[in-house]
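Okay, thanks everyone, I'll keep this short. Let me put the structure up and then we can walk through it together.

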Amino acid sequence: MIEMGGELPPELRARITGEPGVEGEPESIDVLTERFRKRLGKVTASRDLTRADPAIAKLLKRDEAIRQQIASSPFYWEKPLFESSYERRRLRILNSLFLAFARVGGGSAYIRDREAREISISGPAGVSITLDSPKKRQARNRRTDRAEAKETLELRAEGGRHHPDIVSNWMDDDAGKLEDKLTEIVIGLAIVSERESRRWQTEMAEWRRKREAEEAEARRKAKETTEREERERIAAQERARRDGLLTAAMNWRSAGLIREYVEARRALQGTQVPEFDDWARWALEEADRMDPLFNIERS
């Protein structure tokens, strides 16, 4: 667990003094770095793998099981992966790093693949690291280049690509081998983790801010839609009432007009036309059905 800030567990609190609390604003990374450096001390390279971190021990145990299979069955197809001096050196460097982090309260690393090429160390933000030969070399002779590549190692923190202002990769060079730089590597990985954690927190805060703004906008639009629909519903009700009123008034007037017409026909024709009574009865019934006041009185 790469963690530059935060509170130490009880077993380390007893022997490491001068650690602050965890409340308040985040401290500057420079302050955390110096405190972490004092807590860490000097990181020395593992001479062998007799004291192996659990992640390393798991790889060694698998290789030993393969050797036993080969001893009992010469035609066994699988071969140990960590027998060459190059691979053993890789494991010793990784083991040194893992043990150093464990010494200051960190946990074991996680190796995701069989060949120990996909490595993660958990912390405030997980840090993925690679430890292998450099991808680009300037040697002219390709055979020499390949031979030198087997002896040259580069350790890279993948999260460092987000922070070009800090050191996030180390390699064998004129300044020394990786084994001579382990203290700075451990501190550098801790810095990458802290920077990644803060970057992630900033991005999450921005994401939450945008999401809250989007949700507020969605609520505002939903409220506007609800209010508009309610206004439209009320307006539709008013139109329907108004249209009903006009229709009722027109029907009332039409019913009265029909009755006047019937009476006018009756005064003109009297009983001279035999079919008049039947027609008049039908016309008045239609007027009654049409007349809203007549229907109200009956109901």
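I'll go through the sheet, then the helix that packs on it, and then a patch on the surface. Keep in mind that this is a predicted model.

So, the sheet. There are 5 strands in it, and they line up as β1-β2-β3-β4-β5, with antiparallel pairing, in an open sheet. What stands at the edges? That's β1, residues 110-111, and β5, residues 169-171. Each of those has a single partner strand, so one side of each has no neighbour in the sheet.

Now let's step across the pairs. Strand β2, residues 119-121, is joined to β3, residues 127-132, by 3 bridges, and the two run antiparallel. If you want a spot to look at there, find isoleucine 121, which sits opposite valine 127 in β3.

Next pair: β3 and β4 are antiparallel too, over 4 bridges. Here isoleucine 129 faces alanine 157 in β4. Then β4 connects to β5 through 3 bridges, again antiparallel, and glutamate 154 is opposite methionine 171 in β5.

Which strands does helix α4 touch? Helix α4, residues 85-103, packs on the sheet and touches β1, β2, β3 and β4, the last being residues 154-157. The direction of α4 makes about 150 degrees with that of β3.

Last stop, the surface. Trp252, Leu293 and Ile296 make a nonpolar patch of about 330 Å². The tryptophan, Trp252, belongs to helix α6, which covers residues 182-269. Is Trp252 buried, exposed or partly exposed? With a relative accessible area of 44%, Trp252 counts as partly exposed.

That's my tour, thanks.

Key
Residues numbered from 1 in each chain as written. Predicted model: local features only at pLDDT ≥ 70, side-chain atom pairs only at ≥ 80, totals over all residues. Heavy atoms only, no water. Patch = residues over 30% accessible without salt bridge, like charges linked within 9 Å, V, L, I, M, F, W, Y side chains within 5 Å. Areas by Shrake-Rupley, 256 points an atom, 1.4 Å probe, with all protein chains shown as cover. Salt bridge = Lys/Arg side-chain N within 4 Å of Asp/Glu carboxyl O. Buried < 20%, exposed > 50% of the residue type's maximum accessible area, 1.4 Å probe, protein only. Pairing = 2+ DSSP bridges. Contact = heavy atoms within 4.5 Å. Axes fitted to C-alpha atoms, helices over the stretch in contact; angles between N-to-C directions.
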